[in-house]
Structures are given as structure tokens and as C-alpha cells.
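User: I would love a close look at one part of this model, followed outward into whatever surrounds it. Could you take me through it step by step?

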Amino acid sequence: MTERRRTRGEHQKALAEKNKKKTTKPASSAKTWFKRIFLTVLAIGVAGLIGGGALFAFYASTAPELDEELLKDPVSSEFYDKNGELFATIGAENRKYIKYEDIPEDMINAILATEDVRFFEHHGMDFYRLGGAILANFRDGFGAQGASTLTQQVVKNSFLQNEKKLKRKAQEAWLAFQLERKYTKEEIFEMYFNKMLMSGRIYGFGTASQYFYGKELKDLTLDEEALLAGLVQRPNAYNPLKNPELAKKRRNTVLGLMYQHGKISKAEMEEAKKAEVQSGLADDATRQSFAGSKYDAFLDIVINELENNGDGSAMAEGIKVYTTLDPNAQQVVENVMNDDSNFPTEDIQSGVAVVDTKTGAIQAVGGGRKYGAERGWNYAEDLTNNQPGSTMKPLVDYGPAIEYLKWSTGQTLVDEPMNYTGTKQTITNWDGRYMGAMTARKALYASRNVPAVKALQEVGTEKAKEFVGRLGIETENLYESDAIGGGAITISPIQMAASYAAFGNNGVYTDPHSITKIVYRDGKTSKNYTPESKVAMNDYTAYMVTDMLRDVVGNKPDASGTAANVPGLDIAGKTGTTNYSAEDFNKYNLPNTSVPDSWFAGYTTNYSIAIWSGYEKHFDPITTWEERRLPQNLFKTIMQEISANVETASFKKPSTVVEATVEVGSKPLRLASDYTPSELRQTELFVRGTEPTEVSEVYEAPELSTPYNVSANLDLGAQSINISWEHDAILNPETDEPLPTSFEVSATREGGETVVLGTADTKGLTVANTLEDGNYTISVVAIVDGTRSEPGTTTFQITTTPEEDLETEDPDEPDIDLPIDPGQEDNDQGNNNNGNGDNGNNNNNNGNNGHGNGNGHGNNGNGGNNGNNDGNQQPTPPTEPTNPNEEDQSSE
């Protein structure tokens with residue numbers, strides 16, 4: 001049966017129905033998905049609440065029990081040296097405990113306004129305060145208000161370790177509720193008041209009042225109370241002794257919060273803010289009445305490192321701190337610093353840092369002379385605003401020049417008058433002189449300023465900034481004046497010692513550190529403090545700088561650091577002094593020898609030590625050389641003692657460095673020739689592959705001088721010929737010793753042939769007489785390494801006399817010279833035989849014939865007959881010697 005075909009109307013109706021279904025289907029689908037999502041979120045939320053509650057309950061069940069003794073007393077932290085030996089315990093020692101009823105109302109209000117303004121309203125956790133703290137930090141800056149309640153802080157410092165984990169937060173909240181149920185608000189506040197770490201090793205507000213102000217709590221002023229209340233958040237950072245500006249800012253924040261919460265009036269707030277933050281602080285003697293640790297200066301460094309790493313408050317929780325302290329080195333430093341005989345004046349100060357060359361670990365520090373507990377100013381670390389002087393030259397100038405330009409230690413630099421770029425300010429040297437062309441080596445060990453600035457100009461300030469940055473010295477700007485340590489860079493002795501250590505450690509740098517790790521109260525959880533080492537420069541840079549710095553402490557005439565040398569130790573180092581400006585000299589009427597700072601930084605393969613010396617007040621000047629050399633003298637004493645029983649290896653030259661003997665001043669550097677003068681020959685270091693290969697041709701082979709004063713005569717029997725001469729030898733340019741010289745002697749008969757009579761290494765020759773009668777010319781030629789001189793000559797006559805004609809005669813009586821008046825002698829020397837002794841006919845006499853110069857000196861020679869002896873006359877017997885005792889005696 002055939003299907004009936006739909007009409008046009010039926011087709012349109014079916015199509016409309018189909019389109020209707022298409023448009024309604026998505027709406028139904030969206031509702032379905034929304035429903036699914038809602039149910040999923042609801043299920044997750046319910047599960048989260050159930051799971052969170054279960055987890056909270058589990059964590060709460062594992063929380064420690066409340067212990068009243070731990071609640072009321074600080075938990076002691078322990079400090080260990082590098083050998084694992086305990087050397088300090090900080091906690092409840094010397095704490096002044098204050099009852100709640102004895103705490104002044106303003107002191108309570110300052111703490112509550114800052115730490116927990118709703119303390120008396122909540123039950124351990126303050127959710128309203130938590131939200132308010134977040135808003136306050138946005139409005140008033142970070143740290144304006146904390147989130148933890150006083151109750152939570154008591155719990156955390158009594159039982160829990162300082163970690164941001166869910167377990168600790170859960171236990172803290174649970175114990176806070178428990179504490180609020182067991183103790184009154186006043187009792188909890190009292191726990192907090194006596195427990196909190198206030199600074200370094202000071203616990204509790206009552207102790208802090210005595211320590212910082214030398215007062216009882218009831219005698220504190222409003223501004224002083226506000227300052228103490230603000231310390232808790234960052235005890236060491238807000239210490240008014242070390243950081244007065246930061247402490248003042250924090251104090252004013254506290255005063256603002258007190259006014260905001262209605263604890264004080266606006267007038268009271270403004271009046272308290274006017275007070276100088278350091279005006280009421282106690283003196284050193286008062287603070288030092290608090291017993292310190294065995295090694296106070298070092299412990300201060302440790303506490304600051306904890307603070308800088310976010311663990312400042314962890315000491316209140318009973319942690320174990322493993323440090324880098326070398327007790328032997330620390331004891332040596334303290335002995336030296338506490339001995340007044342080591343210091344030239346009563347008030348001069350010093351800061352000392354001893355760092356392990358290989359690891360950057362701080363081994364010992366000298367915070368100042370007779371440093372006491374919580375002194376407040378540690379010259380080893382806190383001295384960060386003083387310029388370092390010439391100790392920056394290896395770091396800013398020569399190190400970068402070798403690293404980036406591959407300079408040789410023999411690089412030629414000229415010490416001459418010059419100005420800083422774009423200024424009229426003249427660069428001067430410490431002695432007011434300029435020494436001309438010199439090597440980079442000499443420029444560094446003699447501490448010349450102009451060559452140092454030229455070196456920085458060559459390498460560029462950006463490269464120099466990059467170089468020192470890899471040595472832990474961060475600076476926003478670096479100027480030409482930083483080439484000599486008088487610019488933007490300032491540095492502490494600790495950082496100086498660590499930076500120099502990289503030169504002694506083949507270019508590897510490690511940040512200075514006093515802690516290796518800390519272990520929390522549970523005895524299992526720990527935190528590593530040991531920094532990673534990094535390559536800061538090539539090994540050739542490190543060694544070449546070190547080799548130049550060896551000369552600083554060496555015995556060269558212009559070396560600046562000879563007082564620091566320790567016999568038997570391979571030491572490299574650098575001196576440094578800073579200057580006052582011309583305006584300072586006029587304003588403060590300073591002596592013209594005044595300088596504010598003196599430095600020395602030096603190292604062996606074991607220890608790197610940096611020392612600063614100066615006075616507490618910048619414009620109390622160093623004026624004598626004894627004061628300037630104090631850092632060198634302290635360095636020598638400390639380095640010698642700490643190295644006494646320690647094997648110290650020498651610095652080892654790497655394969656990347658080669659030696660070559662160059663001609664100083666040649667540009668480019670060339671090898672010294674055999675004829676380069678000794679004063680211009682220098683063995684210098686080069687980065688392998690950059691050493692010169694061409695030999696200097698500035699100095700040619702010296703011409704051999706001609707032998708002179710040649711003389712010859714026959715002996716009494718005419719059996720031999722005695723020949724003598726003089727000669728100016730050539731000196732070895734390296735040793736200044738005469739070069740080996742030989743002489744060839746020959747005789748030429750008039751109108752005949754030449755006969756070689758022989759050779760000699762001395763200035764004389766005796767040969768058998770085998771010559772026939774006649775007139776001869778005797779020639780002497782000097783020979784050095786095959787080079788022959790022009791001959792020196794004299795004439796000589798041989799006449800044979802038959803033996804039977806010879807008669808025996810008695811020798812003549814010796815002539816005795818009579819004394820001559822000194823004045824007459826001088827006159828005679830100018831008149832006798834003038835012009836008759838220089839014609840070459842007197843050269844056969846043997847002795848003082850005046851060298852043929854015709855000045856009258858030829859009349860006293862043996863056989864000398866006014867210069868006319870023909871060589872046949874027998875020599876006159878010598879005169880009797882004069883008895884020395886009969887001569888006139890004289891002295892200069």
C-alpha cells in the first residue's frame with residue numbers, strides 16, 4: 001500500500017514542532033548542570049567540615065598538656081660551637097618577674113593596643129581581630145597589628161615550635177581555649193608579660209625596663225612604655241641601641257594605636273612622639289650589669305642571624321642552635337681586644353672578623369674593646385656605614401681588570417696627576433707624590449690611587465659592580481671614587497673578611513654565616529642555615545690578585561702592609577685608610593694628618609681576617625701612624641696565635657696562570673731581552689695564552705769596553721813576560737754581577753807577524769819569553785759569549801844581552817821618600833811630568849805609572865823614569881814599608 005504524502009500544511013506544522021524542541025532542550029540541560037554543581041559543592045563542603053573537624057580533633061588530641069612551670073618561665077635555648085660543645089644557654093636567667101598588680105596601666109594599654117586590643121573579651125581566639133589585623137596591615141603598613149592573641153603567643157612560646165603548619169595552628173587554638181578555661185585573664189597577661197623575648201637575651205618587660213632604661217616599670221614615661229611594647233614583634237630589629245630610627249618608627253606606631261583605641265589622648269600621643277628615642281637609655285655600665293654569655297660578641301651575631309632568617313622569636317621556644325664558633329679563635333680575639341697594651345690610645349676602637357677561608361663560616365668576632373653582654377653596637381657587624389678605603393682596590397679595580405680584561409700583574413700603569421672624570425677634583429696619593437710608570441702589581445702593593453682609578457676606568461663601573469656583587473657586596477651605584485674606597489660602597493668587617501676569602505679559595509665565595517642549623521623543641525625538626533658556595537671569579541683572577549697582595553705584606557720598599565706579616569705563613573692582604581673632606585678639616589679644625597678610619601684585610605688558606613680601627617665619633621680623628629697601623633698589628637697577633645697549631649698550606653698557582661719575565665714599561669708588554677737592565681726586569685703572572693712572545697728590542701747588546709792601561713815588562717832574567725791590564729766588565733742585568741769575561745793576549749812584531757801569547761780569565765798574564773829581539777805591540781782583547789772587544793795595546797821592546805857581558809852588581813840602596821807637605825803634594829801632582837807620560841812609551845814599567853795620563857802620577861812606578869824607560873833597565877827594588885805606628889792617625 002502506498003504511503004500518503006503529507007500536505008504542505010502538515011509539513012510546516014511538523015517543522016515548527018521540531019524547531020520548538022531544539023530551542024527548549026538547552027534550557028533544560030543548563031538547569032540540570034547547575035543542580036549537579038550545587039549538589040557537588042554542598043557535598044564537598046559537608047565533607048570538608050566533617051573532615052576538618054575530625055582532623056582538628058585529631059591534632060587537638062595530640063597537643064601537649066598545659067604545664068604551669070613552662071607557662072610562667074621562658075624556655076631556655078642552647079647554643080653549640082662548631083665542635084658540638086654547649087657554650088651558652090639563654091632563657092630564664094636574670095629575669096625580673098613582675099606580678100600583674102605591679103604593671104602600670106599605661107604599660108598594659110600599650111601592649112593591648114598593639115598586640116590584642118580585645119584580650120579581655122575573647123576566649124583565646126579572636127576572629128574579629130583576625131580580620132581587623134588584615135585591614136590594619138593594609139592601612140597602616142605591615143606590622144601595624146598582629147593576628148595572634150596574647151593567649152596564643154603564651155601557648156606558642158611555652159609548648160609549640162615556630163612553624164607555619166596546620167597541626168601547630170590547630171594545637172595552638174585548642175591550647176589557647178584550654179588556657180582561657182584554666183586561668184584568669186590577669187594570670188595569662190602576667191605570663192605573657194614575663195615570658196616574651198625583648199631583645200637578644202633579655203626576657204620579660206620588667207627586665208627590659210631595667211636593661212634599656214635602668215628604671216623600675218613605675219618610673220617609665222609614656223614614650224618609653226610604647227617603645228617596650230613595640231619590641232616584641234621584632235626584638236632585635238627594633239632595638240633602640242642598634243637601630244634608633246627603626247625603633248622610633250615602631251614606637252610611634254604603638255602610640256598611634258593607643259590613641260586609635262582610646263587609651264591616650266591625641267595631645268598625649270603627639271607629646272610622646274616628640275621624645276628622642278635614645279635620650280633616656282641607660283649607659284653601658286648599667287647594661288653590662290646583666291650577665292652575658294661566654295662569648296657575647298659572637299652570640300650577638302648569631303641572634304641577629306636568627307632574626308634575619310625569621311627565627312628571632314624562636315629562641316623563646318627552646319631551640320638548639322648549632323653555630324660556626326671556633327672557641328680557640330674566639331678566645332684569642334677576646335684576649336687581644338681586652339688587653340689595653342695592644343692599643344695606642346685609651347679610646348680607640350676596633351672591630352674584628354675571623355672567617356673560614358674555604359667555607360665562609362664566621363669563626364670569631366671582636367665586637368669592640370672589652371665587649372659586654374648586649375653592648376648594643378658590635379663593630380664587627382654593625383659597622384656598615386664606614387667607607388673601606390684602599391681595601392676596595394682588589395675588589396673594585398684589579399680583580400675585575402684581571403677577570404674581564406685578562407690583565408697581567410705586570411700591566412703598565414702611570415701614576416700621574418689626574419682628575420675624576422668630568423670634574424676638577426684632583427686625585428692624590430697618601431704621600432702627595434706621583435711615581436710615574438709602574439706595574440699593576442706595584443700600584444697595588446704601594447697603594448697608589450691614580451693607577452687604581454685608571455684600572456676602574458678601563459674595566460668600567462658596571463663590570464666592577466657585577467664583580468663585587470658576586471662577592472656579597474650589593475650597591476645601587478658605583479662611582480670612580482669607589483676605586484679607592486671613598487664612594488658609595490660601605491662594608492662591615494664580617495662582609496670584608498668573607499669577600500677577601502674568595503681570593504684565597506680559588507675564586508669560590510660563600511656568604512658569611514654563624515649558624516649551620518637549628519633544631520626545634522621536638523628534637524626532630526630542623527632548619528639548615530648553611531649557605532651554598534658559588535664561583536665568583538676564575539681561579540686565575542683569585543690567584544693573581546693573591547700573588548699581588550702577598551707583596552703588600554712583603555719586604556719591598558714601598559709595600560704598605562709590612563707590619564701585618566707573620567713569618568712562616570703565606571699571607572696576602574691589603575691596607576686601607578679613609579679621608580676627611582676639605583670642608584671637614586675646616587669645620588672641625590682637624591690636624592692635617594687626620595683620617596677617620598683605618599683597615600686591614602688579609603688571609604691565609606685557612607683564615608680570612610678583616611679589622612677596622614677608629615673612634616666612636618666620626619670626627620674624633622686618627623692622627624698618628626701608630627693608630628693607622630693598629631689593624632695591621634692586631635691582625636698579626638691574632639693570625640699568628642690562631643695559626644700556631646694549625647697546618648697552613650701555601651696558595652697554589654693554578655694551571656691557568658703562567659709566569660714570564662717582562663721588560664717593565666713596555667707597551668704592549670714584551671719579554672725582557674738579555675740586555676734589559678735589571679731594574680726593568682720583572683717576573684709577572686699572565687692568564688695562560690696571553691703571555692707575551694716577542695722580545696723587547698729597546699736595549700741592544702752592550703758594546704764591550706776596550707781593555708786599558710795595558711803594560712808589559714820582562715822579568716829579571718828576561719825569561720818571561722809579565723802583562724797586565726784594566727777592563728770594565730759588563731754586568732748581568734738580572735744579578736748585577738759581572739758577566740764571565742776572558743782575555744786573549746797577542747804580540748805583533750814591528751813589520752812582522754802576530755803571535756797569540758795566551759788567554760786569561762783575570763787581568764794579567766805571564767808567559768815564557770820566546771820572542772826574538774825587536775819592537776812589539778802587545779794587544780789584549782776582551783771576549784764575552786763570543787763577542788770580541790777592540791784591542792787595548794802597548795808597545796814593548798825586547799833586547800837580548802849576552803850572559804858573559806852581564807856583571808853582578810850590588811843592588812842600589814832603596815830610595816827613601818821624605819814626607820811631603822800635603823799642600824805641596826797636591827801642587828806637585830799637577831806639575832810633575834805633565835805631558836810626558838801619555839805618549840805610549842812608558843807602558844813597560846810595572847806598577848803605578850799613572851796609566852799614561854801625563855798628570856804627574858808616573859814618577860813613582862817601578863822602573864818608571866819620567867815615562868822614558870826603554871824596558872831594559874832592571875826594576876828598582878821596593879822601598880821599605882813605613883811603620884803604621886809612625887804615621888799620623890786620623891778619622892772621619
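User: Which strands form the open sheet with mixed pairing, and in what order?

Analyst: Happy to walk you through it. Please keep in mind that this is a predicted model.

The sheet you ask about is open and has five strands, in the order β2-β1-β5-β13-β14, with mixed pairing. At its edges lie β2 (86-90) and β14 (526-528), each of which pairs on one side only. From one strand to the next, the twist averages 15 degrees.

Inside the sheet, a good place to look is the pairing of β5 (residues 320-323) with β13 (residues 515-519): the two are antiparallel and share four bridges. Within that pairing, V321 has I518 of β13 as its bridge partner. Helix α13 (residues 296-308) packs on this sheet and touches β1 (77-80), β2, β5 and β13. The direction of α13 makes about 60 degrees with that of β2.

One residue helps to tie this region together, and that is L306. Setting aside neighbours within four places in sequence, L306 is in contact with F79, D311, G312, M315, I319, V321, I515, I518 and Y529. Both members of the bridge pair V321 and I518 are thus found among the contacts of L306. L306 also belongs to the largest nonpolar core, a set of 94 residues, where the residues with the most contacts inside the core are F79, L306, L395 and Y398. The largest share of this core, eight residues, is contributed by helix α20 (residues 539-552). As general background, nonpolar side chains tend to be buried together in soluble globular proteins. A second core, separate from this one, has 50 residues and includes L179, Y183, F212 and L281.

Helix α20 leads us on to another sheet. α20 lies across β16 and β17 (597-603), and runs at about 65 degrees to β16. These strands belong to an open sheet of five strands with antiparallel pairing, in the order β7-β6-β18-β17-β16. Here the edge strands are β7 (362-366) and β16 (572-577), each pairing on one side only. Ignoring direction, neighbouring strands of this sheet are turned by 10 degrees against each other on average.

Within this antiparallel sheet, strand β6 (residues 349-356) and β18 run antiparallel and are joined by eight bridges. S350 stands opposite S613 of β18. Helix α23 (residues 630-642) packs on the sheet as well, touching β6, β16, β17 and β18, and its direction makes about 150 degrees with that of β18.

For a residue to zoom in on here, try S608, which lies in strand β18 (residues 607-614). S608 counts as buried because its relative accessibility is 0%, and the cut-off for buried is under 20%. Leaving out neighbours within four places in sequence, its contacts are A353, V354, V355, T357, A497, Y500, A501, G602 and Y603.

For contrast, take T184, found in the loop between α6 (166-182) and α7 (185-195). With a relative accessible area of 41%, T184 is partly exposed. T184 and F120 are 64 residues apart in sequence, and their C-alpha atoms are 9.8 Å apart in space.

A helix pair is worth a visit too. α3 (residues 105-115) and α10 (residues 244-260) pack at an angle of about 95 degrees, and their axes are 8 Å apart. The two helices are therefore roughly perpendicular to each other. On the α3 side the contact is made by D106, N109, A110, A113, T114 and E115, and on the α10 side by R250, V254, L257 and M258. Among the residues of this contact, five are nonpolar, two polar and three charged.

Further along the chain, strand β23 (residues 742-749) has two antiparallel partners worth comparing. With β26 (residues 774-784) it shares eight bridges, and with β24 (residues 754-760) six. S746 of β23 stands opposite S779 in β26, while in β24 its bridge partner is V756. The hairpin of β23 and β24 has four residues between the strands, and G751 takes a positive phi near 75 degrees there.

Stepping back to the whole chain, there are 24 helices and 28 strands. Of its 892 residues, 48% count as buried. Among contacts between residues at least 6 apart in sequence, 68% join residues at least 24 apart.

Technical notes
Residues numbered from 1 in each chain as written. Predicted model: local features only at pLDDT ≥ 70, side-chain atom pairs only at ≥ 80, totals over all residues. Heavy atoms only, no water. Axes fitted to C-alpha atoms, helices over the stretch in contact; angles between N-to-C directions. Parallel < 35°, antiparallel > 145°, perpendicular 65-115°, else oblique. Contact = heavy atoms within 4.5 Å. Nonpolar A, V, L, I, M, F, W, Y, C, P; charged D, E, K, R; others polar. Pairing = 2+ DSSP bridges. Core = buried A, V, L, I, M, F, W, Y, C linked by side-chain atoms within 4.5 Å. Buried < 20%, exposed > 50% of the residue type's maximum accessible area, 1.4 Å probe, protein only.
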